[in-house]
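Trainee: Please take a close look at the disulfides in this predicted model. Which cysteines are paired, and where does each partner sit?

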Amino acid sequence: MADGVESVRSRNRSVLPRPSIGLPAMVRTRHRRAVGCLMLPVTNFPDPLEGRQMRRRLLMGGVTALVTVLASGCVAPPAGTDGDLLDDWRPLAAAQQFTPRVGDCHAISDPPTAENHTPVDCGQPHLLETIHVGTFTGALAQRPTPPPFWSSVMRPAFAECDAEARKFVGEDWRDGRLAVQAVPPSAQGWQGGARWFRCDMFVLSRQSSANGADDAIMKHVGSLRGALKPPSPLAHACFDLDEWYALEPVTCINPHRYEYVGIWTSPLERRADVERDSASVHARCRELVNRFAKVPAGGEVGTGTLYRLPSPQGWARGDRGLRCYFWTGGPAVSRSVRGGGVRAIEIE
């Protein structure tokens, strides 16, 4: 069989060789009809029998070719397209990430994501201020997911935020109505390579801060840098009890029975364990009262004390600072006991 030519026999009668489909010879091609993207010839044959046989072969061959063409995707593309299925796929969007900046203020307290990271002017009312940005390193940075916000693995980050917060406000930030948190990136940001943590500072309500109640974040205007340098409206000072026996801030020249004297940091991990050992806490607070009143070493006296734990949220973030207060044990006073010596704090 010659290339491109096949021999057809019918009724024991040899017929002249006919070219393959698509290259008709010795017949007159009237026109071509497009099927898909294949051009099939339509012909007239002088021999009826031969024509019928050839048309049958053309039909079968055309169907086979059409199926092959359709299976291969060779179909006229829709209007406005080029028929190339591979060149119009949009690449996958890169994981969105950002790095927060020191000095950014935020009007929302939600965990930061690329979508909600919209800092506001610190001169406008806001809830949080970013005072430091740290970096996760070592094994912590190799985690497949960011460390959970409330988890113990965030404690080193909180310790760094604690140290930076003291420098930022000029005092121990726990001496006032302030709180600090270490915030990791979102899961999407972590997958995109973010390994920073954000140190945020915020202002608590007067009641929640002094009493260790649940955090009540207050809006603030302006930066908190140097916020506890005296005189400061955010600094803890003198208190009395309201009708609910909660500490209520008052000015020290007004009658009061309690005065803030400092922080004792508990070594215990569980909040409940601290509450079960109140005697030890009062002993530590008495030391702070004597120091606050500038009682000479060796001359310390017994005195009234009160203490409050950090809020449950603060404890979970890593704050272990117990707020200690002097208590008159009876009558109200209208002065501060700071530097007043034994006479100022001794209970008769």
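**Disulfides and unusual backbone sites**

Mentor: The link of Cys-105 and Cys-122 is right-handed, with 95° about the S-S bond. This pair connects distant parts of the chain: Cys-105 belongs to strand S7, residues 105-106, while Cys-122 lies in the loop between S7 and strand S8 (128-135). The two cysteines are 17 residues apart. In this predicted model, their sulfur atoms are placed 1.9 Å apart, and the cut-off for a disulfide is a sulfur pair within 2.5 Å, so the pair qualifies. By this rule the count comes to four disulfides; I will go through three of them, including the one just described.

Burial of the first pair can be read from relative accessibility, where buried means under 20%. Cys-105 has 0% relative accessibility and therefore counts as buried. Cys-122, at 15%, also counts as buried.

The next pair is Cys-161 and Cys-199, joined with an S to S distance of 1.9 Å. Here the torsion about the S-S bond is about -75°, so this disulfide is left-handed. Cys-161 lies in helix H3 (residues 155-169) and Cys-199 in strand S10 (residues 196-204), so the bond ties together a helix and a strand at positions 38 residues apart in sequence. Cys-161 counts as buried because its relative accessibility is 0%. For Cys-199 the value is 0%, so this cysteine counts as buried too.

The third pair to consider is Cys-238 with Cys-252, where S to S is 2.0 Å. A torsion of about 95° about the S-S bond makes this disulfide right-handed. Cys-238 is in strand S12 (residues 238-241), and Cys-252 is in the loop between strand S13 (247-250) and strand S14 (258-265). Again distant parts of the chain are linked, with the two cysteines 14 residues apart. At 1% relative accessibility, Cys-238 counts as buried. Cys-252 has a relative accessible area of 19% and is buried as well, because the cut-off for that term is under 20%.

Some backbone details belong with this last region. Pro-230 and Pro-231 are joined by a cis peptide bond, with omega about -10°. Pro-231 is found in the loop between strand S11 (217-218) and S12, and S12 is the strand that holds Cys-238. On the other side of that strand, the loop between S12 and S13 contains Tyr-245. Phi of Tyr-245 is near 60°, a positive value in a residue other than glycine. Tyr-245 has 65% relative accessibility, so this residue counts as exposed.

A further positive phi occurs at Lys-294, about 60°, although this residue is not a glycine. Lys-294 is placed in the loop between helix H7 (278-292) and strand S15 (304-308). With a relative accessible area of 62%, Lys-294 is exposed, because exposed means over 50%.

To return to the request: the pairs described are Cys-105 with Cys-122, Cys-161 with Cys-199, and Cys-238 with Cys-252.

How values were computed: Residues are numbered from 1 along each chain as its sequence is written. This is a predicted model: local features need pLDDT of at least 70, side-chain atom pairs count only at pLDDT 80 or more; totals for chains, interfaces and linings use all residues. Side-chain values use heavy atoms; hydrogens and water are left out. Helices (H or I, at least four residues) and strands (E, at least two) are DSSP runs, numbered from the N terminus. Buried means under 20% relative accessible area, exposed over 50%, partly exposed in between (1.4 Å probe, protein chains only).
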